[in-house]
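Trainee: I've got a new structure open and no idea where to start. Can you walk me through it?
Mentor: Sure. Let's put it on screen.

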Amino acid sequence: MIRKTSSAPLISSPLILITIILTWTIGIVVSSNTAPTSPGAPSLRGYALHFASGDQLISDQPLTTSSGPITFSFQAYASSSSSQLTLTTPTVTIDCDTTDCTVNGFTVPLALITDQWNFYSFVYHTVAGSPILDLYVNAVSVASNLPATTLAPYTTGGWTLDAGHVYLTEIQVWNEARDSAELSIDMIPHSYQGTEDGLSAYFDFPEGQGTTTKGGHDGLPITLSTPTWWDIDECSSDLPDPCGGTACINTFGSFFCRNPTVTSNSPVLCVDTTASYTGINLI
């Protein structure tokens with residue numbers, strides 16, 4: 001409950017009164033399902049999808065429209081030693097658990113890391129005519145120039161993502177080979193609209209409810225098969241401070257910052273231009 005403690009006189013301005021009512025009303029909507037955070041986590045925003053055992057994302061949308069390079073990235077939190085994630089397309093299968101990952105049956109030196117948020121990237125391209133695979137975690141290379149003769153990145157049909165004991169906040173598929181500098185931008189939450197050149201699919205799950213999400217390229221939806229929406233607590237001490245040292249109040253899918261310079265008779269409404277959240281200076 002947010003309580004008004006100032007003894008300032010009654011406010012006569014209708015605009016100010018409406019702003020205060022809006023602040024009080026939104027400020028008390030706090031989710032009972034809060035996604036985990038972890039020390040050193042990126043600046044997470046909005047919602048996370050929680051996958052229990054056997055949950056799926058299902059899409060009829062092809063992941064890429066060319067036979068050239070491809071980069072698949074996802075922001076994930078593995079919550080137990082049983083965590084797993086599998087992407088299946090007509091030509092590529094990426095299967096990860098907390099022991100290792102396989103790409104079309106080929107084991108690669110990468111695994112889901114438990115109790116941490118991480119940005120995992122699989123980059124397929126060719127060097128001197130030979131197909132290779134590079135692996136990154138949080139835009140840092142963990143393996144490069146792995147032979148990838150079994151990969152054929154061109155997809156002609158839909159895809160599914162099966163996961164268990166995993167939280168997801170973002171999925172990206174590029175029809176180009178992303179390097180470390182580009183991946184360091186990709187891992188910043190809500191960096192894209194989904195229509196950028198080279199971005200074949202992009203899902204940052206902005207809805208917070210329902211069984212479909214339209215975060216993909218050209219707004220094409222995917223179906224959510226039983227995963228549940230969880231709130232990211234932007235005010236968690238494990239995350240970078242979004243309020244610059246002032247009080248932070250979490251809400252479902254958003255948060256508020258208390259501005260100490262704002263008096264009770266002059267509240268201010270602040271909207272972030274990234275569209276990933278809205279901050280209101282509370283009285």
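Mentor: One term before we start. Buried means under 20% relative accessible area, exposed means over 50%, and partly exposed lies in between. Also keep in mind that this is a predicted model.

Trainee: Okay, let me try that out. Is C257 buried or exposed?
Mentor: Buried. C257 has a relative accessible area of 15%, and buried means under 20%.

Trainee: What is C257 bonded to?
Mentor: C243. The two form a disulfide, with their sulfur atoms 2.1 Å apart. The torsion about the S-S bond is about -80 degrees, so this disulfide is left-handed. The pair links distant parts of the chain. C243 sits in the loop between strand 17 and strand 18, C257 sits in strand 19 (residues 254–257), and they are 14 residues apart.

Trainee: And how covered is C243?
Mentor: C243 has 9% relative accessibility, so it counts as buried.

Trainee: How many disulfides are there?
Mentor: The count comes to 3. Another one joins C235 to C248, with an S to S distance of 1.9 Å. The torsion about that S-S bond is -70 degrees, and the link is left-handed. This pair also links distant parts of the chain. C235 is in the loop between strand 17 (228–232) and strand 18 (248–251), while C248 is in strand 18. They are 13 residues apart.

Trainee: Are C235 and C248 buried or partly exposed?
Mentor: Partly exposed. C235 is at 23% relative accessibility. C248 is at 23% as well.

Trainee: Which cysteines make up the remaining disulfide?
Mentor: C96 and C101, with sulfur atoms 2.1 Å apart. The torsion about their S-S bond is about 115 degrees, so that disulfide is right-handed. C96 is buried, and so is C101.

Trainee: What's the pairing pattern if I number the bonded cysteines in sequence order?
Mentor: It goes 1-2, 3-5, 4-6.

Trainee: New topic. What is the secondary structure?
Mentor: The protein comes to 2 helices and 21 strands.

Trainee: How do the strands come together?
Mentor: Take one sheet. It is open and has 8 strands, in the order 8-7-6-5-12-3-16-15. The pairing is antiparallel. Strand 8 (106–108) and strand 15 (212–213) are the edge strands, and each pairs on one side only.

Trainee: Strand 12 is in the middle of that list. What does strand 12 pair with?
Mentor: Strand 3 and strand 5. Strand 3 (residues 55–59) pairs with strand 12 in the antiparallel sense, over 5 bridges. Strand 5 (residues 84–88) is also joined to strand 12 by 5 bridges, and these two run antiparallel.

Trainee: Which residues face each other? I want something to click on.
Mentor: Start with strand 3. L57 stands opposite L161 in strand 12. D55 stands opposite A163 in strand 12. Now go to strand 5, where L85 has A163 of strand 12 as its bridge partner.

Trainee: So A163 shows up twice?
Mentor: Yes. A163 is opposite D55, and A163 is also the bridge partner of L85.

Trainee: Why is strand 12 said to be largely enclosed?
Mentor: 5 of the 6 residues of strand 12 (residues 159–164) are buried, so the rest of the structure largely encloses this strand.

Trainee: What comes after strand 12?
Mentor: H165 is in the loop between strand 12 and strand 13 (166–174). Its phi is near 60 degrees, a positive value in a residue other than glycine. H165 is at 31% relative accessibility, so it counts as partly exposed.

Trainee: Where else is there a positive phi?
Mentor: A139 has one, about 70 degrees, although A139 is not a glycine. A139 lies in the loop between strand 10 (130–137) and strand 11 (140–147). A139 is buried, with a relative accessible area of 5%.

Trainee: Last one. What about the protein overall?
Mentor: Of its 283 residues, 48% count as buried. The protein exposes about 12,700 Å², and carbon and sulfur atoms supply 56% of that. Look at contacts with a separation of 6 or more: residues 24 or more positions apart account for 64% of them.

Terms used. Residues are numbered from 1 along each chain as its sequence is written. This is a predicted model: local features need pLDDT of at least 70, side-chain atom pairs count only at pLDDT 80 or more; totals for chains, interfaces and linings use all residues. Side-chain values use heavy atoms; hydrogens and water are left out. Buried means under 20% relative accessible area, exposed over 50%, partly exposed in between (1.4 Å probe, protein chains only). Helices (H or I, at least four residues) and strands (E, at least two) are DSSP runs, numbered from the N terminus. Two strands pair if DSSP finds at least two bridges between them. A disulfide is a pair of cysteine sulfur atoms within 2.5 Å. Contact means heavy atoms within 4.5 Å. Accessible areas come from the Shrake-Rupley method with a 1.4 Å probe; for residues, only the protein chains shown count as cover.
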